[in-house]
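Let's take a friendly walk through one protein model together. Have a look at the fold before reading on.

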Amino acid sequence: MTRSGPPYELLPGAPDSPVLLHVPHSARAIPEDVRRGIVLDDRALERELDHITDAHTAELAERAAGLAAVPPWRFVNRLSRLVVDPERFPDEREEMTAVGMGAVYTRTTHRGELRPADTDAEPLLARYFRPYARAMTEAVTGRLAATGRAVLIDVHSYPTEPLPYELHGDGPRPPVCLGTDPLHTPPELTETARKAFAVCGETGLDSPFAGTYVPLEFYGTLARVTALMVEIRRDTYMAEPGGPAGPGLDRLAAALAALVDAL
């Protein structure tokens, strides 16, 4: 459950690559002092981690980077999203706050108690969320300085059947869902991704999850930072929930590498 070493890592790619694969939800590690603030017993916590973790997505990004002709950069969260979720807005803009799953979760995937509702989020935001955001901003700034642009590919997965916490779980659940942003996801990026992932089955847009991650310093203002969220339905590559990866991971890695090379 605990992890030694950095809470996140920037793994270098080719100096001339504008692509940054972002893997925010692949880890299960929770520092012991953070664990003490979670009310679930160990068995229930393991079950929750099975449901909430985007299992094997760090391995997927690593394999894709190894296959790509021009290796992308990778930014990988090494702590569970139950510590903080670096992709949430840390303020009233975050719609998931309505179900207790803002930047610091107080509820589980099944809407049970994870932390007391009156938990002070500020210590976790200060210790984990803001340093992560600064490091991601620096990583994107590095790609802009080196290449004049940055392309963020946000690598996620989602369960085959909707979980109770999902606010938009009644829509289509295709094998690959592409999350987009009006400014940061130009049509050609979406189309390139559709072509790359065609070998993996149907590709949908913004259902069951919409949007994509862009550091707040660039969000809504700098079009040279483009971004796309890739959400992969878990039954296409692993045993659910929280089980081992299967042969589908190889096909997805090849598709992700093809996307990287096309960018």
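Where is the place of Pro208? Pro208 sits in the loop between β6 (203-205) and β7 (225-233). Those labels refer to helices (DSSP runs of H or I, at least four residues) and strands (runs of E, at least two), numbered from the N terminus.

Before going further, some ground rules. This is a predicted model, in which local features need pLDDT of at least 70 and side-chain atom pairs count only at pLDDT 80 or more, while totals for chains, interfaces and linings use all residues. Residues are numbered from 1 along each chain as its sequence is written, and side-chain values use heavy atoms, with hydrogens and water left out.

**The overall picture**

The protein contains six helices and seven strands. Starting at the N terminus, their order is β-β-α-α-α-β-α-β-β-α-β-β-α. The radius of gyration is 17 Å, close to the 18 Å of the globule rule for 263 residues, so the protein is as compact as a globular protein of that length. Here the radius is taken over C-alpha atoms, and the rule is 2.2 Å times the number of residues to the power 0.38. The C-alpha trace spans about 45 × 35 × 35 Å along its principal axes.

Of the 263 residues, 56% count as buried. Buried means under 20% relative accessible area, exposed means over 50%, and partly exposed lies in between (1.4 Å probe, protein chains only). Among contacts with a separation of 6 or more, 79% come from residues 24 or more positions apart; a contact means heavy atoms within 4.5 Å. One pair with a wide gap in sequence is Glu46 and Gly242, which are 196 residues apart in sequence and 9.2 Å apart in space, C-alpha to C-alpha. Glu46 belongs to helix α2 and is partly exposed, with a relative accessible area of 35%.

**Unusual backbone spots**

Most residues other than glycine have a negative phi, and most peptide bonds are trans. The table gathers four places to compare with that.

| Site | Backbone feature | Location |
|---|---|---|
| Ser207 and Pro208 | cis peptide bond, omega about 10 degrees | Pro208: loop between β6 and β7 |
| Glu240 to Pro241 | cis peptide bond, omega near -15 degrees | Pro241: loop between β7 and α6 (248-262) |
| His56 | positive phi, near 70 degrees | loop between α2 (42-52) and α3 (57-67) |
| Asp206 | positive phi, near 55 degrees | loop between β6 and β7 |

How does the surface look at the last two sites? His56 is partly exposed at 23% relative accessibility, and Asp206 is partly exposed at 29%.

**Cysteines**

How many disulfides does a search of the whole structure find? The search finds zero disulfides, where a disulfide is a pair of cysteine sulfur atoms within 2.5 Å. Cys177 is in no disulfide, and the nearest cysteine sulfur, that of Cys200, is 14 Å away. Seen from Cys200, the closest cysteine sulfur is in Cys177, and 14 Å is too far for a bond. Is Cys177 buried or exposed? Cys177 is buried, with a relative accessible area of 0%, and Cys200 counts as buried at 10%.
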